[in-house]
Amino acid sequence: MKLLVSALEPSANLHLQHLLKELPGVRINGIFDRRLGEPLYGMDEFSVMGIVDVLAKYFKGKEALHEMTALAAECDKVLLIDAPAFNIPLAKALKERYPKKEIIYYILPKVWAWKKKRAKKVDLYCDRLASIFPFERKFYNRAEYVGNPLLDEIDIVRNIDEKKETVAFLPGSRKGEVTRLMPVFKAVAKELEGRRKLLVIPSFVAPEKVEEWYGDISAFEVIYDTHEAVAQSSFAFVCSGTATLETALIGTPFVLVYKARPIEYKIGRFFVKLPHVGLANIIMDFEGFPQLHPEIFQEDVTPENLLRHYETTDRDRFDAGSRALREILGHGSAQNVAKMILSV
């Protein structure tokens with residue numbers, strides 16, 4: 001089988017890497033990480049430009065869309081992963097040119113957060129909708145829950161040191177997030193004397209950029225693996241994003257912290273009408289469960305507030321909630337998506 005793949009983002013390619021383990025003999029072409037094969041375009045060609053979210057508006061995006069549509073002629077099926085700004089126009093072009101070619105969309109657009117009209121387009125242009133959250137069936141007419149990819153990718157068991165308490169600090173993966181949170185994290189770390197303090201730095205941050213982004217990090221032990229850091233910790237302070245769901249699934253109590261430019265925060269809150277920001281809390285809310293972890297934003301992100309949650313969080317209640325979350329998601333998604341692709 002020849003499979004046309006459109007995976008523009010690092011997270012999409014991590015999911016694709018695990019999926020390919022379930023697809024022996026399947027040849028892929030399209031847009032993906034060069035480490036996974038020989039693509040038409042490497043993921044890096046787009047991520048370096050920083051235009052993933054608005055890719056279709058740029059010349060390179062239009063060029064890629066045209067070439068991907070032509071390349072689909074020699075492929076049996078199409079797999080689109082996340083990146084709706086590019087993948088929805090691509091799905092439309094493909095369906096118009098090859099109406100009988102099966103298009104599978106994996107990691108559906110988050111229409112439950114914003115841009116709800118995208119759901120109709122995905123339903124119209126795609127044949128199989130592989131959902132990674134059970135509640136997405138409320139928003140997509142034909143969504144099939146396949147499991148969550150993080151349950152394929154988290155292969156570590158939580159193992160904390162009873163002799164010396166460890167606390168993890170995850171300030172995010174973007175420079176703006178990091179520079180706004182690090183002064184607060186440093187103040188918190190100063191108050192946690194005697195504890196082991198892990199600072200998670202993404203592996204893609206160049207060594208020469210560390211001081212510029214993080215400043216003096218002598219109070220921390222640096223670690224580059226999020227799962228490893230969280231699994232060793234009795235508590236974590238986590239910038240909003242996928243890391244919050246990873247931390248919740250590993251079972252480490254944490255508080256979500258988010259600090260953006262005021263105008264960016266106001267715009268985000270205007271468009272996103274959900275009661276929660278953290279993925280774990282969003283899932284729990286849709287499934288009728290109470291909030292799993294605290295969320296602190298903007299001017300409330302202070303050392304005093306972070307330390308208060310560190311001291312008062314009910315660890316047993318969190319542990320029960322984490323187990324409930326795992327039961328809701330059930331299993332990983334790679335095997336089910338592979339079956340979807342291989343089905344006749």
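Colleague: Why is A83 called buried in this predicted model?

Modeller: Its relative accessible area is 3%, and buried means under 20%, so A83 counts as buried. You will find A83 in the loop between β4 (77-81) and α4 (84-97).

Colleague: And what makes K115 partly exposed?

Modeller: Good one to try! K115 has a relative accessible area of 41%. Buried means under 20% and exposed over 50%, with partly exposed in between, so K115 is called partly exposed. K115 sits in the loop between β5 (102-106) and α5 (118-125).

Colleague: What is the phi of A83, and what is the phi of K115?

Modeller: For A83, phi is near 45°; for K115, phi is about 55°. Both values are positive, and neither residue is a glycine. Most residues other than glycine have a negative phi.

Colleague: Let's turn to the sheet. Why do β10 and β13 stand at the edges?

Modeller: The strand order is β10-β9-β8-β11-β12-β13, in an open sheet of 6 strands with parallel pairing. β10 (221-223) and β13 (295-297) each have a single partner strand, so one side of each has no neighbour in the sheet. Neighbouring strands here are turned by 20° against each other on average, direction ignored.

Colleague: How do you know that β8 and β11 pair?

Modeller: Pairing needs at least two bridges, and 4 bridges join β8 (residues 166-170) to β11 (residues 235-239), so the two strands count as paired. They run parallel, and F169 stands opposite F237 in β11.

Technical notes: Residues are numbered from 1 along each chain as its sequence is written. This is a predicted model: local features need pLDDT of at least 70, side-chain atom pairs count only at pLDDT 80 or more; totals for chains, interfaces and linings use all residues. Side-chain values use heavy atoms; hydrogens and water are left out. Buried means under 20% relative accessible area, exposed over 50%, partly exposed in between (1.4 Å probe, protein chains only). Axes are lines fitted to C-alpha atoms, for helices over the stretch in contact, and angles run from 0 to 180 degrees between N-to-C directions.
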